[in-house]
Every structure is written in structure tokens, then in C-alpha cells.
2 protein chains.
Amino acid sequence: MSEKRNIALFISYVGTAYHGWQIQSNGMTVQEAMQTAVYRATGQRVSLSGCGRTDAGVHARVYVCNAPLETSIPLARLPLALNSRLPEDIVVKDARIVPERFDSRFSCRKKEYTYTVHNSRVRDPFLRGRACHFPYRLDFDRVCAAAAEFVGTHDFAAVQRQGSPVKTTVRTIYHCIAEKSGDVITVRVCGNGFLYNMVRAITGTLLYAGLGKIEPGDIAGILESRDRALAGPTLPAEGLAMTGLWYDEFTLP
Amino acid sequence: MSEKRNIALFISYVGTAYHGWQIQSNGMTVQEAMQTAVYRATGQRVSLSGCGRTDAGVHARVYVCNAPLETSIPLARLPLALNSRLPEDIVVKDARIVPERFDSRFSCRKKEYTYTVHNSRVRDPFLRGRACHFPYRLDFDRVCAAAAEFVGTHDFAAVQRQGSPVKTTVRTIYHCIAEKSGDVITVRVCGNGFLYNMVRAITGTLLYAGLGKIEPGDIAGILESRDRALAGPTLPAEGLAMTGLWYDEFTLP
């Protein structure tokens, strides 16, 4: 039998059916589905460390989790062994041996989330569960101008869910970019960390800017106020996906 | 009360939950869902004529159906009135008055179907129900060369479901184009009509060509043989979508 090695799993999942990543008593989670698959494939009960706690219904194009694991399955075959035991909305793309001290959450340098808005009078059944349908006319230039205001190191208390218990609400946003393709607007937000509901509230604030309810120039003041009521609404989870992760140990595809 | 006018509805649907377009006793169909919505919105029982009988699980990015309808709802508001009474996987994009003799099926000049293949070692949960996962290595140049062989007026008996009762198996294909974007291959087939399972069998034959199981140059002979056993397999319904319709009366968006 081989020794325990710290193994990182690169996964991807459609979050619709899950109560987020982290195991909880009142619903199925991605962590539980993954740990069940690991048990069925290797016979080992592991506690996977995940790169972030995604909310219920949020997707992950990329996601990293890891645990010390002892298995006779060759590393190259581990994804297939797990995929055959996973539901169809979760997939393991790759498995790699990482240093013993590597932890998916604490070793993560930067993350990117992408929020997708379908800005059209009528909804699109092909975007159901993947985008937030927003039927009102938006001034896209104002959306872009507002997005740029979130870049930098700020106190983001005004765009976190109220009452979230965190030590500090200061985070650094490296990019916050709105892009438009046809009637689909995507907002990519990259930062060193995110508060609860932060990207959904930022995007809600961008839509308010696009509607003319607030000025892009107001955003600095809204952040300074730390007042959740001054920013835009928290958009639904279904439009949100984790789309980028940066580690020193490897580069994600 | 206004008079009956022939109204065409431009719709779009994700076919996963439906037994195709045409009403049948053993499962929910798109036609039944549409007619129920028309009844709820207008109080009228209509029999919608659809542009084609799509198979169970097949999608439609575009689809046209029509019926004589008497309604006090302004035409511009009819899509919204229907959408609020439709399930989320069907949407009415537009409604137009068409000539009395217009029929969605018989007035249709050309149709385009698109088959989507996800050609990757591991499946992608975001393409579930929208593409056929095909994990084997394909020579894409051979796929393209084989696709070109289907263009023209031919007897397509070799790529229809055996035992389908039709008067003639001769059809004209205007284009049959394979395209590749990352690990997604799409095959767009435009013709004046399609036999049962024809696009799914054509795409299956293209994959056989890509695998090297048949030569692109063999396809003319396979069509001439009218022998279903010589062509490739019928791929699953989930990868297929109606993507184009051409009428003299209007241009679809």
C-alpha cells in the first residue's frame, strides 16, 4: 500500500442542485458528493479542503480541493475513477500531487468570479440557471465605468451580506471588468478574497449604475459609507460562477 | 371581439423535458405546453401547426408555429402573455400576423439543424443535455472532408431510421459544415427537409470518418447503397438543436 500524499483535485460543477460547497445537515453539497465519490473509489473517508465556500446554486467552472490520500489508483486514472462515481453535474478534470503544506483555501492567491446577466426583453431558456435575466434597458458604458470604481484595496462592507462575521471587510480587487456579447453581459471580478455575497452585490450595483439609479462616481462614497443600503441589490446565485484560481504551486488550465 | 387572424409564434425551447413537438398520449410535448398557454391566455383551444416534428430531447433555438387565433390581446403583448403561462424551458420571442394560407410546416423553405459534440477526455457538466460527449481522438480535417460529401441532392435512406414511412428519401442538403471551437465541434446541416434521425446519423457518420473507421470518399457510396448499416451510428438527441428556418413571408432573427 502506498503512503498518504496530499492530492489536489481540479473540479468543475453546475451548482444548481447543491447547497454550495461546504457540508451541511440540511441539503446535499458538492463537498459531500465529492467525499462520497472518494470513499467509493478508494475506501477512504477524507475531509476535502475546498478553495472557497460557494453559495447554494453558485457554479464553478474551476474549483480546487485537496486532502491527504492513500490510494493504489494511479494518479492519471484517479479523475476517471471518481467521475464514474460522481453525479453528472460534477466532474474531476485533473488530479495532482501537491506539497504537504498546500491547502486549497489558504494557498490560494487570487480568485475570479464571473457574474452573467442576460439583458433582454424576453428570457432565454438556454440560459436558465446560468444567468440572471434582466429585462430593463442598461447603459453599458455606465456599467463599465462603475465596474472600474471597485478596483483597488477598499473596505467592501457596503457590498457584503449584513451581519456576516468576518475579522476585516478590507479586500483588494485586481480587476472588475464588464463585457458584452449580444444580449449577454458578463462581469469578471478578481480579488485576493471575497466577502459573503460580494460579487452578487457588486453586480447589482453595476446594474443600478446602468439604469441611472446611481452614478459611477458615487461608488467610492458608497464604499466609504460601509452602508449596505446605499449599494445595489444582491443578484440571484444562479448567475454566479467561480472562473479563475491562482496558486504558486501550479497554473490552472 | 376581433376576427380570427393567422398568427405565427416564434419560439425557442430546451427540449430535455419534452417528448418532442407533436402531441402524443405518453408524455408532455412542446405543442401541448404551447396550446395550454394559448388557452390560458386567450380562452381558445387551438391546434398549432409546427415547423417540424422534433424528437424527444431535441432542442430548438428557433421554431415557428401558427394557428388562426381571435384575441383581444395586442400582438406586441402576446409573447409576454404567453411567457407568463409557459414553463421556463419554452419561450415565445415574437408573434406576427401572417397570410391566411401560411403554414409553419408547408411554407418552410429550408431548415438548419446543429449537432454539438464535446470532444474531450472528460465530460463538461455545463454541456450536459446540450452536447454529446465523445472522448475519442478525432481527425477534424477528416470530419470536415466527410461533411462536404453530404451536400447536394441525394437519396438519404442510408442515414434515416430504418422503417420510417416516407414517400421519398431524396432530399437536398445546402450546407453541411463542421466547425471547431476549443473542444466543441458543431455540425450545421441545412436542407429542404430531413428524414427521421437524419442529422444524428450524418453526425455519427462524420465521427466515424474522424476516427478513421470510414473514408470521407466512402460517403457517396454509402448513400448510394441506401444501407443504414454502412453509415455511422445515430447520436443521442441531446446534442441536436434546430437553429435556422427560412420562409418567404419573413426573416427570422
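## Relation of the two copies

Copies are superposed by least squares on the C-alpha atoms of residues with pLDDT of at least 70 in both. In this predicted model, a turn of 180° with a shift of 0.0 Å along the axis lays chain B on chain A, and the RMSD of that superposition is 0.0 Å. The two copies are thus related as by a two-fold rotation axis.

The interface is consistent with this description, for 100% of the interface residues of chain B are also interface residues in chain A, so the copies meet through the same surface.

## Extent of the interface

On the side of chain B, 22 residues are in contact with 22 residues of chain A. The area buried between chain B and chain A comes to about 2,100 Å², and carbon and sulfur atoms give 54% of that area.

## Polar pairs and contributing elements

Between chain B and chain A the count is 1 salt bridge, in which the side chains of Arg128(B) and Glu88(A) meet at 4.0 Å, N to O. Across the interface of chain B and chain A, 8 residue pairs are found in polar contact, both residues of each pair being at pLDDT 80 or more.

Three strands of chain B, E1 (5-13), E3 (59-69) and E4 (90-97), each supply at least two residues of the side that touches chain A, and the largest share of that side, 4 residues, comes from E4(B). By residue class, the side of chain B that touches chain A divides into 11 nonpolar, 3 polar and 8 charged residues.

Technical notes:
Residues numbered from 1 in each chain as written. Chains lettered and ligands numbered in written order. Heavy atoms only, no water. Contact = heavy atoms within 4.5 Å. Buried area = accessible area lost by both parts, 1.4 Å probe. Polar contact = N/O pair within 3.5 Å; in protein donor to acceptor, adjacent residues only side chain to side chain. Nonpolar A, V, L, I, M, F, W, Y, C, P; charged D, E, K, R; others polar.
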